[in-house]
Amino acid sequence: MKKIYLVIGIAIMVLINLIIINALASFSVTSFDCDPSESAVNEAFSCTATVYNSGDNGSLNNLILSPDSGNWFTNKTAYYGSSISSGQSQSITFTGLKSTSGGNKGFSRIMLDSVADTYVADTTINIIDVLTTLDNSASSVAMGGSLTSTATVRAGGDIDVTLTFVNTSNCHIGNQNTSQAFTGLHDGNEISKAWTVTQTGTGNCVFSVSASATGAGSVASKISTASSTITCSNCPVTVSGGSSSGGSSGGGGGG
């Protein structure tokens, strides 16, 4: 008889546990979007997850969003701390997300309290960046002399970029176009543009090249500028009293 009571007791306990388990809330992510849809390095954006409860009424305390294997941002926590009724959805936003590098970035999972949901693994965001460098064939030229200045741009993420030459003082590029556009660049691509620069004034030639980048989705933008100063090797030098002396001296006069 005792054995019968023991079996009945175990059966009752199993039934109670099944009832409790079936009564638990069951949360899952059903949509995930970022705003804006693309961003630039070190600029903040947010992502919103929609969480659906297919179980009984229950509370969801916090969500933790994690990056993919690139670890391009630090895990971000969104504290919710409220109940979601059975059959209902709730949108929860992760704010202040920032990437430290450009590229097509992804996510790995969202922790819903202690449960990992990988719905976000199919989502990517285009993070753009642009870096401009200048390489000059000479650092000093005489008045009327020329040099070649080559601007190189490295793309972060998918971008279109326009390079623009800007004369600050004593530089001339003749009939060459001041700007040139490059489209369809992908993460890690490099492009170059060269200008022949002539020293035209009586002082140093100072110029810059700016790279204005726009994301492939025409949403995010970023500018990178590189500057150069080319010294004039024979320009007149202003001396005390307001007069100037040439780059070379003549012979002395008679007594």
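In this predicted model, Ser224 touches Val130, Leu131, Thr132, Val209, Ser210 and Ala211, leaving aside residues up to four places away in sequence. Ser224 itself belongs to strand S17, which spans residues 221-232. With a relative accessible area of 9%, Ser224 is buried, because the limit for that class is under 20%. Its side chain also has a polar partner: a polar atom of that side chain lies 3.0 Å from the backbone nitrogen of Thr132.

Val209, Ser210 and Ala211, listed among the contacts of Ser224, appear again around Leu163. Beyond its neighbours within four places in sequence, Leu163 is in contact with Val209, Ser210 and Ala211. Its other contacts are Ala151, Val153, Thr178, Ser179, Gln180, Phe182, Ile191, Lys193 and Trp195.

Leu163 leads to the largest nonpolar core, which holds 26 residues. Within this core, Ile159, Val161, Leu163, Trp195 and Val197 touch the most other members. Several strands build the core: S9 (124-136), S11, S12 (159-169), S14 (179-185), S15 and S16 (205-215) each supply at least two of its residues. The largest contribution, five residues, is that of S16. A second core, separate from this one, has 25 residues, including Cys34, Ile92, Phe107 and Ile125. As a general tendency, nonpolar side chains in soluble globular proteins are buried together.

Strands S11 and S15, both contributors to the largest core, also take part in a charged pairing. The model contains one salt bridge, formed by Arg154 and Glu190, whose closest N and O atoms are 3.5 Å apart. This pair links distant parts of the chain, since Arg154 is in strand S11 (residues 146-156) and Glu190 in strand S15 (residues 190-199), 36 residues apart. In general, side chains of opposite charge can pair when their charged atoms come close. The two partners fall into separate accessibility classes: Arg154 is partly exposed, with a relative accessible area of 42%, whereas Glu190, at 52%, counts as exposed because the threshold is over 50%.

The remaining feature is a pocket. The largest pocket has a volume of about 180 Å³. Its lining consists of Leu24, Ala25, Phe27, Gly58, Ser59, Leu60, Leu112, Asp113, Ser114 and Val115. Strand S4 (residues 58-67) provides the largest share of this lining, with three residues.

Technical notes: Residues numbered from 1 in each chain as written. Predicted model: local features only at pLDDT ≥ 70, side-chain atom pairs only at ≥ 80, totals over all residues. Heavy atoms only, no water. Helix = DSSP H or I, 4+ residues; strand = E, 2+ residues; numbered from the N terminus. Buried < 20%, exposed > 50% of the residue type's maximum accessible area, 1.4 Å probe, protein only. Polar contact = N/O pair within 3.5 Å; in protein donor to acceptor, adjacent residues only side chain to side chain. Contact = heavy atoms within 4.5 Å. Salt bridge = Lys/Arg side-chain N within 4 Å of Asp/Glu carboxyl O. Core = buried A, V, L, I, M, F, W, Y, C linked by side-chain atoms within 4.5 Å. 1 Å grid on protein atoms, 1.4 Å probe; cavity = no way out; pocket = protein on both sides within 12 Å on 5 of 7 lines; lining within 4 Å. Points joined across faces, edges and corners; volume = space filled by probe spheres on them.
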